[in-house]
Amino acid sequence: MSRLRLLPWILGSLVALLLIGSCGPSYKPGLRRARVAELKRDARRVPALRARHHQWPAVFLRIYDRIIHSARRTGLFRWQRVRRYVVLDNQRQEYTTFTARIAPGQRLVLVDLTLVDPAGNVRRFGRPQLQRERHPGGVQVLRLAYPDVRPGTVVEERTEVAIRRLPKTAGMMRSQGVLLQRSVPALDVELDYYVPRQWSVMHKASSRDVARRLKKHLYREAYAHYHYRRRNVPGLPKEAFAASVQRDADYLRFQLHQTFVDGVYRSYFATWRLLGN
């Protein structure tokens with residue numbers, strides 16, 4: 001084959017490689033479905049977990065958040081979550097009910113709910129089983145009361161919320177607060193936060209320890225990647241209520257300072273004091 005005949009093939013290959021290399025995190029595969037084998041393995045750990053954490057109503061095995069910003073017109077923002085926990089007290093509604101709050105401009109892209117009972121039986125639920133409630137301001141609340149949850153049941157909830165367009169009030173896209181500690185113990189807490197490197201972002205940690213664990217990397221030469229991970233996170237005291245969890249728990253808060261979307265720069269606040277005002 002002559003060099004002239006090879007030229008179109010070579011050019012086509014180079015274009016394909018450039019396109020692949022330029023795809024940012026917004027084009028990464030979504031969350032995979034739960035692997036039942038992993039959940040059954042965790043179910044076999046329940047007796048040891050119950051003995052160690054008998055004073056708690058539940059134990060989180062894994063808490064994972066992946067927040068992805070993109071400067072592309074399709075898929076400006078995605079927040080992926082994984083919550084896997086063992087129910088130790090089935091009388092506590094917060095561990096036997098799934099709830100998702102969807103604000104205007106947001107779309108629930110994925111909901112994958114899996115339960116493994118102490119006998120190893122697997123049940124899966126998705127969007128068709130959710131009960132929809134409409135609240136003031138266009139907010140939708142989706143709920144599912146898990147049926148027949150027994151102590152020792154392993155629950156995994158995988159969700160993804162996306163903003164496809166920039167609404168007039170896109171608070172969820174501009175600012176994200178991530179709880180890194182809950183009212184019950186967590187064996188593994190992890191966070192990945194991606195933002196285009198040409199954007200300006202501020203972050204605030206609840207403590208020096210949280211700030212020390214937050215690491216910044218460069219992803220594919222185009223995105224700033226913030227990564228946090230901590231194992232064996234203690235639960236807050238039993239008497240802690242929802243308000244005190246928000247106040248006293250470890251957390252990270254990210255705030256976009258400047259963005260560049262569709263050729264337009266948008267600037268937000270300059271200091272945390274202005275955010276409070």
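Biologist: Let's start with strands β4 and β5. How do they pair, and over how many bridges?

Modeller: In this predicted model, strand β4 (residues 107-116) and β5 pair in the antiparallel sense, with 4 bridges between them. One of the residue pairs there is Leu113 with its bridge partner Phe125 in β5.

Biologist: And what lies between β4 and β5?

Modeller: The two strands form a hairpin, with 5 residues between them. In that turn, Gly120 has a positive phi of about 90°.

Biologist: Nice. Which sheet are they in, and what's the strand order?

Modeller: They belong to an open sheet of 8 strands, and the order is β5-β4-β8-β2-β1-β10-β13-β12. The pairing in this sheet is mixed.

Biologist: Which strands are at its edges?

Modeller: Those are β5 (122-125) and β12 (215-219), and each of them pairs on one side only. On average, neighbouring strands of this sheet are turned by 10° against each other, if you ignore direction.

Biologist: Let's move inwards. How many bridges join β2 to β8?

Modeller: There are 10 bridges between strand β2 (residues 77-87) and strand β8 (residues 154-163), and the two run antiparallel. If you want a pair to find in the structure, try Trp79, whose bridge partner in β8 is Val161.

Biologist: What about β10 and β13, parallel or antiparallel?

Modeller: Antiparallel: strand β10 (residues 186-196) and strand β13 (residues 223-233) are joined by 10 bridges. Glu190 has Arg229 of β13 as its bridge partner.

Biologist: Then what happens between β13 and the edge strand β12?

Modeller: β12 and β13 are antiparallel partners too, over 5 bridges. Lys215 has His227 in β13 as its bridge partner. These two strands make a hairpin with 3 residues between them, where Arg220 takes a positive phi near 55°.

Biologist: Switching topic: how many salt bridges did you count?

Modeller: The count comes to 22 salt bridges. Side chains of opposite charge can pair when their charged atoms come close. One example is Asp65 with Arg81, whose side chains meet at 3.8 Å, N to O.

Biologist: What does the Asp65 and Arg81 pair tie together?

Modeller: Asp65 lies in strand β1 (residues 58-69) and Arg81 lies in strand β2, so the pair ties together parts that are 16 residues apart in sequence.

Biologist: Cool. What about the sheet with β3, β6 and β7: what's the order there?

Modeller: That one is an open sheet of 3 strands, ordered β3-β7-β6, with antiparallel pairing. Because β3 (97-102) and β6 each have a single partner strand, they stand at the edges, and one side of each is left without a neighbour in the sheet. Neighbouring strands here are turned by 20° against each other on average, direction ignored.

Biologist: How many bridges does β3 share with β7?

Modeller: 6 bridges, in the antiparallel sense, with β7 covering residues 139-145. Look for Phe98, which stands opposite Leu144 in β7.

Biologist: Last one: which residues gather in the patch of positive charge?

Modeller: Arg107, Arg127, Arg132 and Arg134 gather there, on the surface. To place one of them, Arg132 is found in strand β6 (residues 131-135), and β6 is an edge strand of the sheet of 3 strands we just talked about.

Key:
Residues numbered from 1 in each chain as written. Predicted model: local features only at pLDDT ≥ 70, side-chain atom pairs only at ≥ 80, totals over all residues. Heavy atoms only, no water. Patch = residues over 30% accessible without salt bridge, like charges linked within 9 Å, V, L, I, M, F, W, Y side chains within 5 Å. Areas by Shrake-Rupley, 256 points an atom, 1.4 Å probe, with all protein chains shown as cover. Salt bridge = Lys/Arg side-chain N within 4 Å of Asp/Glu carboxyl O. Lys, Arg positive; Asp, Glu negative; His and termini not counted. Charge placed at Lys NZ, Arg CZ, Asp CG, Glu CD. Pairing = 2+ DSSP bridges. Axes fitted to C-alpha atoms, helices over the stretch in contact; angles between N-to-C directions.
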